[in-house]
Amino acid sequence: MDAIQAANTAFLVDLFKKLCELENANFIFTPLSISTSLALAYKAANGDTATQIKQGLHLEDVKDIPFGFQTITSDASKLSSFYSLKMVKRLYVGKSLNPSVEFINSVKRPFPSEFEVVDFKDKPEDTRLQINKSVSDLTDGKMENILIEESVSDETKMILLNAAYFITNWMKKFPEAQTKECPFRISKTETKLVQMMNLEATLCLGYINDLKTKILELP
């Protein structure tokens, strides 16, 4: 587990550095959810593509990649009275690609419920609706239209899908009465007034030297 955790941390740092290069962008992302989906793509790839995915995810020292990701996502998604975390990763391959039985079995063996062969060519809209319903069911109806209209066509060959649903209660709740309008910085020179929560408490603060970044833990 140490190797897979180290790989995920390295991937997180790489991805965060790239996202920080975006100008005037605000974003929320879940590195573990993204890396597990790419691990599914890795299992379905070979040659240079597989090598590049493996290097990008820093998996050179991970002996059993599918087992490692299945274990870490299973641990993260365990039932808890404190939170609910559901990570959805799916690889949909079009029937028109004629995937071999050997290929299907090699992917479904470590990822039995995450891989599916579908009919993009003759039933693109039905397939889109089917995928949307599946994701909606897996996220308790919170993500109902992950694939928008016309995003799937008869020329679609493959879809690698990733979604994460997380809900919990604050250990230290923000008092609703202390919500007030404050300036929010959207660039180096521009701010915008928005409703902000406020809280006075003792919290953990970390600093990552490589990223010159502060991380505040909000339990």
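**Exercise 1. Contacts along the chain**

Task: Among contacts in the protein chain between residues at least 6 apart in sequence, what percentage joins residues at least 24 apart?

Solution: The model is predicted. Take the contacts between residues at least 6 apart in sequence; 57% of these join residues at least 24 apart. An individual pair can be set beside this figure. F69 and L40 stand 29 residues apart in sequence, with 9.2 Å between their C-alpha atoms. For L57 and L32 the separation is 25 residues in sequence and 11 Å in space, C-alpha to C-alpha.

**Exercise 2. Elements and overall dimensions**

Task: How many helices and strands does the protein chain have, and in what order do the elements run?

Solution: Start with the count, which is six helices and seven strands. Next, read the order from the N terminus: α-α-α-α-β-α-β-α-β-β-β-β-β. Then add the dimensions: along the principal axes, the C-alpha atoms fill a box of roughly 60 × 40 × 40 Å. The exposed surface of the protein chain is about 14,900 Å², and carbon and sulfur atoms supply 52% of that area. Of the 219 residues, 29% are buried. Last, the charges: there are 26 positive and 29 negative ones, and their mean positions are 4 Å apart.

**Exercise 3. The nonpolar cores**

Task: Which residues touch the most other members of the largest nonpolar core, and which elements give two or more residues to this core?

Solution: The largest nonpolar core has 14 residues, and those touching the most other members are I4, L59, V62, I65 and F69. The elements giving two or more residues to this core are α1 (2-20), α2 (31-44), α3 (47-56) and α4 (65-76). A second core, separate from this one, has eleven residues, including V88, I131, V135 and V152.

**Exercise 4. F69**

Task: Where does F69 lie, is F69 buried or exposed, and which residues does F69 touch beyond its neighbours within four places in sequence?

Solution: First, place the residue: F69 is part of helix α4. Second, check the accessibility. The relative accessible area of F69 is 2%, and buried means under 20%, so F69 is buried. Third, list the contacts. With neighbours within four places in sequence left aside, F69 is in contact with I4, N8, S35, T36, A39 and L59. I4 and L59 also appear with F69 among the core residues that touch the most other members.

**Exercise 5. S35 and L57**

Task: Where are S35 and L57 placed, and which residues do they touch?

Solution: Begin with S35, which is in helix α2. Its relative accessible area is 1%, so S35 is buried. Leaving out neighbours within four places in sequence, S35 is in contact with N8, F11, L57 and F69. Now turn to L57, in the loop between α3 and α4. L57 counts as buried because its relative accessibility is 3%. Residues up to four places away aside, L57 touches A7, F11, S35, L38 and A39. The two lists share F11.

**Exercise 6. Positive phi at N98 and D140**

Task: Where do N98 and D140 lie, and are they buried, partly exposed or exposed?

Solution: Take N98 first. N98 is not a glycine, yet has a positive phi of about 50°. N98 sits in the loop that runs between β1 (83-94) and α5 (101-108). With a relative accessible area of 64%, N98 passes the cut-off of over 50% and is therefore exposed. D140, also not a glycine, has a positive phi of about 55°. The loop holding D140 is between α6 (124-138) and β3 (158-168). At a relative accessible area of 46%, D140 is partly exposed.

**Exercise 7. T156**

Task: Which backbone atom lies 3.0 Å from a polar atom of the T156 side chain, and is T156 buried or exposed?

Solution: T156 is located in the loop between α6 and β3. A polar atom of the T156 side chain is 3.0 Å from the backbone nitrogen of S153. The relative accessibility of T156 is 14%, so T156 counts as buried. Not counting residues up to four places away in sequence, T156 touches F120 and S151.

Terms used. Residues numbered from 1 in each chain as written. Predicted model: local features only at pLDDT ≥ 70, side-chain atom pairs only at ≥ 80, totals over all residues. Heavy atoms only, no water. Core = buried A, V, L, I, M, F, W, Y, C linked by side-chain atoms within 4.5 Å. Buried < 20%, exposed > 50% of the residue type's maximum accessible area, 1.4 Å probe, protein only. Contact = heavy atoms within 4.5 Å. Areas by Shrake-Rupley, 256 points an atom, 1.4 Å probe, with all protein chains shown as cover. Lys, Arg positive; Asp, Glu negative; His and termini not counted. Charge placed at Lys NZ, Arg CZ, Asp CG, Glu CD. Polar contact = N/O pair within 3.5 Å; in protein donor to acceptor, adjacent residues only side chain to side chain.
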